[in-house]
Amino acid sequence: LDEGVKAAGGIVIAEDSSRIPNIGAVALPGLASASLLVQFDLAGFAVSAGSACSSGKMKESRVLAAMGVAPEIAGSMLRVSFGPDTSEADVDAFLAEFSRIAARRQAA
């Protein structure tokens, strides 16, 4: 997931930190989390915006701010979770959509 996100121009949040392997935090600068949520939902992917501690809130995440994540990055952040039935094909499909969204952003 990390490599595919970076290849598409995205950012992996806390990339150099110890992280749980079934949850990813990624951002696509220049696009608001709310816009990304809609685009991924329309493509059949359920993702979340912001940190889990700020889920459902539209204001800046205190957790991301405490981690030193810049507001413009935090505002485009998504949480991607994997379950026991998530396959590599699922990850590849997500990355294909992430790349399409990133390409549309660059073309705009």
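Starting with the charged pairs, Glu-15 makes a salt bridge with Lys-6, and the closest N and O atoms sit 2.4 Å apart. The model is a predicted one. Both partners are halfway out in the open, so to speak: Glu-15 has a relative accessibility of 32% and counts as partly exposed, and Lys-6, also at 32%, counts as partly exposed too.

A further set of contacts turns up in helix α5, where Arg-100 and Glu-97 both lie, 3 residues apart, or about one turn of the helix. Their side chains meet in a salt bridge, with 2.9 Å from N to O. Glu-97 also pairs up with Arg-104, again through a side-chain salt bridge, this one at 4.0 Å from N to O. As for cover, Glu-97 is buried because its relative accessibility is 9%, which falls under the 20% cut-off. Arg-100, with a relative accessible area of 45%, is partly exposed, and Arg-104, at 44%, is likewise partly exposed. Shared partners matter elsewhere as well: Glu-3, Lys-6 and Glu-15 are joined into one network by salt bridges. Overall, the salt bridges in the model come to 5.

Then there are charges that gather on the surface. Asp-85, Glu-88, Asp-90 and Asp-92 come together there in a patch of negative charge. One of these, Asp-92, has its place in helix α5, which spans residues 88-107. Residues in such a patch have no salt bridge, so Asp-92 differs in this respect from Glu-97, which is bridged to Arg-100.

Key
Residues numbered from 1 in each chain as written. Predicted model: local features only at pLDDT ≥ 70, side-chain atom pairs only at ≥ 80, totals over all residues. Heavy atoms only, no water. Patch = residues over 30% accessible without salt bridge, like charges linked within 9 Å, V, L, I, M, F, W, Y side chains within 5 Å. Areas by Shrake-Rupley, 256 points an atom, 1.4 Å probe, with all protein chains shown as cover. Lys, Arg positive; Asp, Glu negative; His and termini not counted. Charge placed at Lys NZ, Arg CZ, Asp CG, Glu CD. Helix = DSSP H or I, 4+ residues; strand = E, 2+ residues; numbered from the N terminus. Buried < 20%, exposed > 50% of the residue type's maximum accessible area, 1.4 Å probe, protein only.
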